[in-house]
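Biologist: I'd like a close look at one part of this protein: the salt bridges. Could you walk me through them, and then place them in the chain as a whole?

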Amino acid sequence: MTVFCGIDWAESHHDVALVDETGALLAKRRISDDVPGYRILLDLLAEYGDTPETPTPVAIETGRGLLVAALRTGERPLYAINPLAAARYRDRHGVSRKKSDPGDALVLANILRTDMHAHRPLPADTNQARAIAVLARAQQDAVWNRQQLVNQVRSLLREYYPAALDAFLGKHHGLARAEARAVLAAAPTPSKAARLSLPQLRAALKRAGRQRGVDAEAERLREVLRGDHARQPAAVEDAMGYQLGALIRQLDAACVAADELAEAVETHFRKHPDAEIILSFPGLGVQLGARILAEIGDDRTRFADARALKSYAGSAPITRASGKKRHVGRRFINNRLITTGFLWAFSALRASPGADAHYRRRRERGDWHAQAQRHLLNRMIGQLYHCLQTRQLFDEDHAFTSSSADLAVAA
């Protein structure tokens, strides 16, 4: 007898349903979200034939968490069903729009019974790759959070402190620089900035870690901060200064978090067997390479071919056709991977003559910038798939052979 399991998960409890190949309900159970609950679930699966030789497939609406970690033991196939897809399946079982947690578990079990071939199980990535995924995604989130805070600081400074924008926006990293944060923490208002002496400015720069050109930079900052700018009323200016101080403290924490996570990513990523191959590609450094590995994993059977990986990355075009209407556009699959991919393609333009030539040929054919970048990313994703499958390093001469071949592959 073939058995299928569906689990509707929640924060405090989970509902489990088991059905056979005819759709008959074999068992249902509500378990707690703790070790005893996980043991009850595994015992229930074993009672209905779950063994290492014949594992029971399980459908659940998430691919993370302790429950998923417990289910991933052994060779049990685990399917993470998109909640929107599960909601569509629910309508197949009734038109009354009723909903319950045990009913959702039954729907998930029946999804595997009828359409398991249309869904992809969670990849069998190594623990090392999964650890890199945790760190790389956390570092990416920290970078996004840091940029959001920088945008808030910039927006606030435009309202009452334009001198600070003149002082730091032209510098590398802008307001996220340690020097900018140190000076703004010492002088959060234009009135306080105007009273800063050269020794105070030099001390702030040294606290930020600057070692060279301290005197010249301190003189430049004093001249800029004492410039003639419009001012808010004193009470409003002081209030905005308090707001800026709070944002600077948050920005300090975000910068430290991003830097510490970047160091952890580098330590873990360089130990992975795929790191050497990924870093051999032009435009891929440690952080971008780790993000690529985090999203595609190291399960070489996850993607049937290069086209499947391109589709998952969002670089392969997708066609929507109905009647007389036909539209070819981009995919929206994995936002983290496509964001990293565009950064990779942009960096590759300067690091690879072949990539730059490929991009320019696409522009000459009429592609706009983002479209040409996507074509380039699509080409390089295919090359990455080939190198990982064959355990080869990137070779510029073999990667870009002729203009006609480049255009044919990217089209």
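Modeller: Happy to, and let's begin with a buried acid. Glu295 has a relative accessibility of just 6%, so it counts as buried, the cut-off being under 20%. Keep in mind that this is a predicted model.

Who is the partner of Glu295? Its side chain meets that of Arg137 in a salt bridge, with 3.0 Å from N to O. Arg137 sits in helix H5 (residues 127-160) and Glu295 in helix H13 (residues 286-296), so this pair ties together parts of the chain that are 158 residues apart in sequence. The Arg137 end is partly exposed, at a relative accessible area of 29%. So here a buried acid pairs with a partly exposed base.

Next comes Glu217, which makes a salt bridge with Lys171; their closest N and O atoms are 3.7 Å apart. Glu217 belongs to helix H10 (residues 214-225), while Lys171 is in the loop between helix H6 (162-168) and helix H7 (178-186), and the two are 46 residues apart. Glu217 is buried, with a relative accessible area of 5%, whereas Lys171 is partly exposed at 31%.

Stay in that loop for a moment, as His173 lies between H6 and H7 too. His173 isn't a glycine, yet it has a positive phi of about 75 degrees. With 57% relative accessibility, His173 counts as exposed.

Now for the third pair, Arg30 and Asp101. Their closest N and O atoms are 4.0 Å apart, and they form a salt bridge. This one links a strand to a helix: Arg30 is in strand S3 (residues 25-32) and Asp101 in helix H4 (residues 101-115), with their positions 71 residues apart in the chain. Asp101 is partly exposed, with a relative accessible area of 26%. Arg30 and Asp101 also belong to a network: salt bridges with shared partners join Asp15, Arg30 and Asp101.

How many salt bridges are there in the whole structure? The search finds 19, and the pairs above are among them. As for the charges in general, the chain carries 58 positive and 47 negative side chains. The centres of those two sets lie 6 Å apart.

Let's step back to the chain that holds these pairs. It has 19 helices and seven strands, and buried residues make up 44% of its 411 residues. Links across the sequence show up in the contacts as well: of those between residues at least 6 apart in sequence, 62% join residues at least 24 apart.

What about the overall dimensions? For a compact globule of 411 residues you'd expect a radius of gyration near 22 Å, but this chain has 27 Å. Its C-alpha atoms fill a box of roughly 85 × 55 × 50 Å along the principal axes. The accessible surface is about 21800 Å², and 51% of that belongs to carbon and sulfur atoms.

A few other residues are worth finding in the viewer. Ser347 is in helix H15 (residues 335-351) and is partly exposed, with a relative accessible area of 32%. Beyond its neighbours within four places in sequence, Ser347 is in contact with Gly283 and Leu288. Compare that with Leu149: it is 198 residues from Ser347 along the chain, and their C-alpha atoms are separated by 25 Å.

Arg64 is in the loop between strand S4 (58-60) and helix H2 (66-71). At 68% relative accessibility, Arg64 counts as exposed. From Arg64 to Ala264 you go 200 residues along the sequence, and 21 Å in space from C-alpha to C-alpha.

Finally, take a look at Arg391, in the loop between helix H17 (369-390) and helix H18 (396-399). Arg391 has a positive phi of about 60 degrees, although it is not a glycine. It is partly exposed, with a relative accessible area of 43%.

If you want a place to start on screen, pick out Glu295 and Glu217: both count as buried, at 6% and 5%. Then follow each to its partner, Arg137 for Glu295 and Lys171 for Glu217.

Technical notes:
Residues numbered from 1 in each chain as written. Predicted model: local features only at pLDDT ≥ 70, side-chain atom pairs only at ≥ 80, totals over all residues. Heavy atoms only, no water. Helix = DSSP H or I, 4+ residues; strand = E, 2+ residues; numbered from the N terminus. Buried < 20%, exposed > 50% of the residue type's maximum accessible area, 1.4 Å probe, protein only. Rg over C-alpha atoms; globule rule 2.2 N^0.38 Å. Contact = heavy atoms within 4.5 Å. Areas by Shrake-Rupley, 256 points an atom, 1.4 Å probe, with all protein chains shown as cover. Lys, Arg positive; Asp, Glu negative; His and termini not counted. Charge placed at Lys NZ, Arg CZ, Asp CG, Glu CD.
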